[in-house]
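Please look over the entry below before reading my comments. They are brief and follow the order fold, surface, patch, charged pair.

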Amino acid sequence: MVKVEIVDEKESNSPYASGSSAASSSSESLSSVDSELASNETVFDRLVALVDIVPPTTRHKISSRIASTGSFLKTTGKVVGNIVWIVTTSALLVGLPLAVSLEDEAKVVAQEKEAQEQQAGQQMLSSGLYPTPTSSSPKPLVPPGF
């Protein structure tokens, strides 16, 4: 699986090879190698490389937990959606006609009350509480003091 190869450090241009000024050149060369790796490697490549680090049993546990959580969320979403659908359609099919009939009933009650008030007003006028003008013989206008 892993191939080991012996590399002669004196002949190669490796950044890890020790030279005359090892302290200053090693930090410069390591930073250049790091930037080259960072630009060539993507996040997906790093995640794929983690597969070898995590043991298969742990990967299986993680995968099963994610799958069960997704299944639970899907089932919960369906149940909540069905409940919301039932409540909304019930409100529209029962509540709306009920509200309209209650409004019509309120209009009928208001009309009956108005009719009773009109009848009471007519009875008051006809019973004589308010004097009605008589047209028998008009009296002549007399100035005061005569």
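The points below cover the overall fold, the surface and a few side chains.

1. The model is predicted, and local features rest on residues with pLDDT of at least 70. Side-chain atom pairs are counted only at pLDDT 80 or more.

2. Secondary structure is helical: the protein has three helices and zero strands. Along the sequence the order reads α-α-α. Helix α3 spans residues 56–127.

3. How much of the protein is buried? Of its 146 residues, buried ones make up 1%. The exposed area is about 13600 Å², and carbon and sulfur atoms supply 64% of that area.

4. A nonpolar patch of about 510 Å² lies on the surface. Its members are Leu92, Leu93, Val94, Leu96 and Val100. Leu92 belongs to helix α3. The relative accessible area of Leu92 is 55%, and Leu92 is classed as exposed because the cut-off for that class is over 50%.

5. Which side chains form the salt bridge with an N to O distance of 3.3 Å? Arg46 and Glu41 do, and the structure holds one salt bridge. Side chains of opposite charge can pair when their charged atoms come close.

6. Are the two partners buried, exposed or in between? Arg46 has 47% relative accessibility and is partly exposed. Glu41, at 34%, is partly exposed as well. Both values fall between the 20% and 50% limits, so neither residue is classed as buried or as exposed.

Notes: Residues numbered from 1 in each chain as written. Heavy atoms only, no water. Patch = residues over 30% accessible without salt bridge, like charges linked within 9 Å, V, L, I, M, F, W, Y side chains within 5 Å. Areas by Shrake-Rupley, 256 points an atom, 1.4 Å probe, with all protein chains shown as cover. Salt bridge = Lys/Arg side-chain N within 4 Å of Asp/Glu carboxyl O. Helix = DSSP H or I, 4+ residues; strand = E, 2+ residues; numbered from the N terminus. Buried < 20%, exposed > 50% of the residue type's maximum accessible area, 1.4 Å probe, protein only.
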